[in-house]
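Got the viewer open? Let's take a walk through this one, selection by selection.

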Amino acid sequence: MLDFLTTLDRRWIFLMMALAVAIPVLTQATFPEAPTPPTRAVFKAVEDLPAGSLVLLAFDYDPGSAPELQPMATAFTRHCCLKKHKMIFLTLWPTGTPMVDQTIRDVIDGEFADLSLKYGEDYVNLGYRPGNEVTIKGVATEIRKLYNTDANGTSLDDLPLTKPVRNLFDTKLLLNVSAGYPGAKEWVQYGGTLGEIKIGVGVTGVQAPQMYPYYPDQVLGMLAALKGAAEYEAALGDRYEQYRDPKRNAAILRMGPQLFAHLLMVGLIVLGNVVHFANRRRGVA
Amino acid sequence: MQSLLRNTVPALIAGIAGVVMIVAFFVPVAKPLQQLAEVWFTILAAMAFLIGGTNLFLHHAKKIAQQQAGWGFSAVTLVAFLGTTIVGLLKWGVPPAEKYPNVAWSGSYQEEGSALWWLYEYVMNPVIATMFALLAFYVASAAYRAFRAKNTEAMLLLGTAFIVLLGRTYAGTVMTSWVPDEYSALTFPGMTGVIMAIFTTAGQRAIMIGIALGIAAISLRIILGLDRSYLGADD
């Protein structure tokens with residue numbers, strides 16, 4: 001047995017991982033989530049804003065991070081729609097524009113179609129501009145220097161929502177969904193430092209440790225990884241009855257596969273060490 | 001003359017731009033200069049895409065022409081690159097914008113249903129997602145073979161990984177649900193919170209301060225023209 005485990009074909013491990021992920025995906029197993037303080041802080045910031053407040057949503061990620069981050073973008077946009085906030089979307093990632101489009105399509109044009117939110121009055125998509133930190137600085141000082149038109153080429157002065165907006169600080173809240181560079185850290189360093197703006201972020205698990213030093217001063221709250229997204233969805237469900245059904249919440253659904261994948265990882269680490277020490281005792285390793 | 005254009009002029013541009021940014025931070029009247037430098041930066045950043053694309057094309061075209069090892073991959077890269085560029089530039093399958101129904105190219109290049117949208121949705125999106133999804137399998141295999149408690153540091157790392165892996169899921173909540181509320185910091189989620197908020201934050205702050213000091217020093221060297229490594233190899 002020990003010899004079998006020592007020379008275990010990694011395809012067995014691949015098979016176990018496939019099952020650990022596939023079974024909860026197929027059975028749609030869900031588990032309760034309790035929002036942690038960093039998540040609650042972002043939720044409260046959106047919830048406490050007066051209805052109709054202007055919120056800037058920066059979605060800086062691509063399809064590689066979408067399974068982890070798209071639920072955050074959806075939940076933020078959903079919450080803004082529920083509170084009837086006005087929304088300005090933009091992205092610092094060239095591959096992020098379809099992420100913004102998808103969120104608008106799914107949430108504003110899909111889920112909240114009955115609200116008949118009007119483009120230019122209730123929300124605007126500024127799209128992508130190159131420049132990373134400089135784009136952030138431009139948005140924070142004089143938005144028209146970089147974004148003189150929206151994603152469709154319409155002048156910001158021709159859109160009722162953006163006409164009075166001069167820079168980032170004319171918005172009440174910045175919600176950033178970030179997968180890396182440029183993203184949450186750059187928004188804090190090059191945007192938040194130039195004035196008074198509340199910043200809430202949603203980041204990948206890899207990026208979360210880099211953002212903890214900014215919480216709770218420079219960023220008021222943070223959604224860390226898929227769990228953070230699930231916690232936000234749980235907070236939405238606690239407040240709005242129609243979102244209590246876990247099947248409506250992508251992150252809560254994805255926490256099932258994550259739970260079993262994590263348990264498998266823990267099991268594999270333990271087993272790997274047992275095999276290692278058993279071999280050492282035998283004088284093999 | 002060549003050295004002047006290749007080294008001195010770019011170093012001067014970098015130096016002047018750097019000084020403008022520093023001065024504008026402290027002297028408000030210099031703000032317009034700073035904004036001008038930022039606009040120029042954005043234009044250059046957009047131009048960098050063109051240069052990057054040209055470089056990519058030349059690099060892979062050379063590999064194919066000389067039939068170097070792995071030239072087949074270069075061929076796939078070039079086909080994907082040229083295909084995406086052409087359908088994007090020509091706006092294949094893009095319907096005219098509602099505002100200008102009689103103008104053929106008035107629609108957005110990434111309009112739903114267009115060739116570029118199709119490529120993104122059905123090629124790039126699944127390819128990137130698949131690549132990242134494969135990580136789970138390799139991480140699991142590595143966890144079994146490489147994560148060994150060989151010494152104290154490795155044991156600490158192992159212990160931390162255990163707590164965070166369990167604390168970030170419902171399993172951690174269930175396993176330590178018997179812990180009284182007043183000792184919630186001793187539950188898996190509680191310990192995960194402590195690790196992230198105290199140990200990780202302290203370590204990250206140290207790294208961030210170190211990086212910031214390093215960036216300040218390097219920036220100063222670039223502005224003063226002492227560091228020209230960014231211009232390429234010294235001749």
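Here is a tour that starts with one chain, moves to its partner, and ends inside a helix. Keep in mind as you go that this is a predicted model.

**Stop 1: chain A on its own.** Select chain A and colour it by secondary structure: you should find 10 helices and six strands. Its C-alpha trace spans about 75 × 40 × 30 Å along the principal axes. Of its 285 residues, 59% count as buried. Residues 24 or more positions apart make up 74% of the chain A contacts that have a separation of 6 or more.

**Stop 2: the surface and charges of chain A.** Switch on a surface for chain A. About 11,300 Å² is exposed, with carbon and sulfur atoms supplying 56% of it. Now show the charged side chains: there are 28 positive and 29 negative ones, and the centres of the two sets lie 4 Å apart.

**Stop 3: the domains of chain A.** Give residues 2-27 and 258-282 one colour; together they are domain 1 of chain A. Use another for 37-248, which is domain 2. Taken over C-alpha atoms, the centres of these two domains of chain A are separated by 39 Å.

**Stop 4: chain B.** Bring chain B into view and split it three ways: domain 1 is 1-90, domain 2 is 91-144 and domain 3 is 147-235. Between the C-alpha centres of domain 2 and domain 3 of chain B there are 34 Å.

**Stop 5: where the chains meet.** Select the contact residues on both sides: 56 in chain A touch 47 in chain B. The size of an interface is often given as the accessible area lost when the parts come together. Between chain A and chain B that buried area is about 4,800 Å², and carbon and sulfur atoms give 68% of it. Which chain A residues lose the most area to chain B? Pick out A:Tyr212, A:Pro213 and A:Ile269, which together account for 12% of what the chain A side buries.

**Stop 6: an enclosed helix.** Finish on helix 6 of chain A, residues 133-141. Eight of its nine residues are buried, so helix 6 is largely enclosed by the rest of the structure. Show sticks for the buried ones, including A:Val134, A:Ile136, A:Lys137 and A:Val139. What do the buried residues of helix 6 pack against? Within chain A, look for strand 1 (54-60), strand 2 (86-91) and helix 7 (184-191). Then turn chain B back on: its helix 1 (2-26) and helix 2 (31-65) pack there too.

How values were computed:
Residues numbered from 1 in each chain as written. Chains lettered and ligands numbered in written order. Predicted model: local features only at pLDDT ≥ 70, side-chain atom pairs only at ≥ 80, totals over all residues. Heavy atoms only, no water. Helix = DSSP H or I, 4+ residues; strand = E, 2+ residues; numbered from the N terminus. Buried < 20%, exposed > 50% of the residue type's maximum accessible area, 1.4 Å probe, protein only. Contact = heavy atoms within 4.5 Å. Areas by Shrake-Rupley, 256 points an atom, 1.4 Å probe, with all protein chains shown as cover. Lys, Arg positive; Asp, Glu negative; His and termini not counted. Charge placed at Lys NZ, Arg CZ, Asp CG, Glu CD. Domains from an automatic or database assignment. Buried area = accessible area lost by both parts, 1.4 Å probe.
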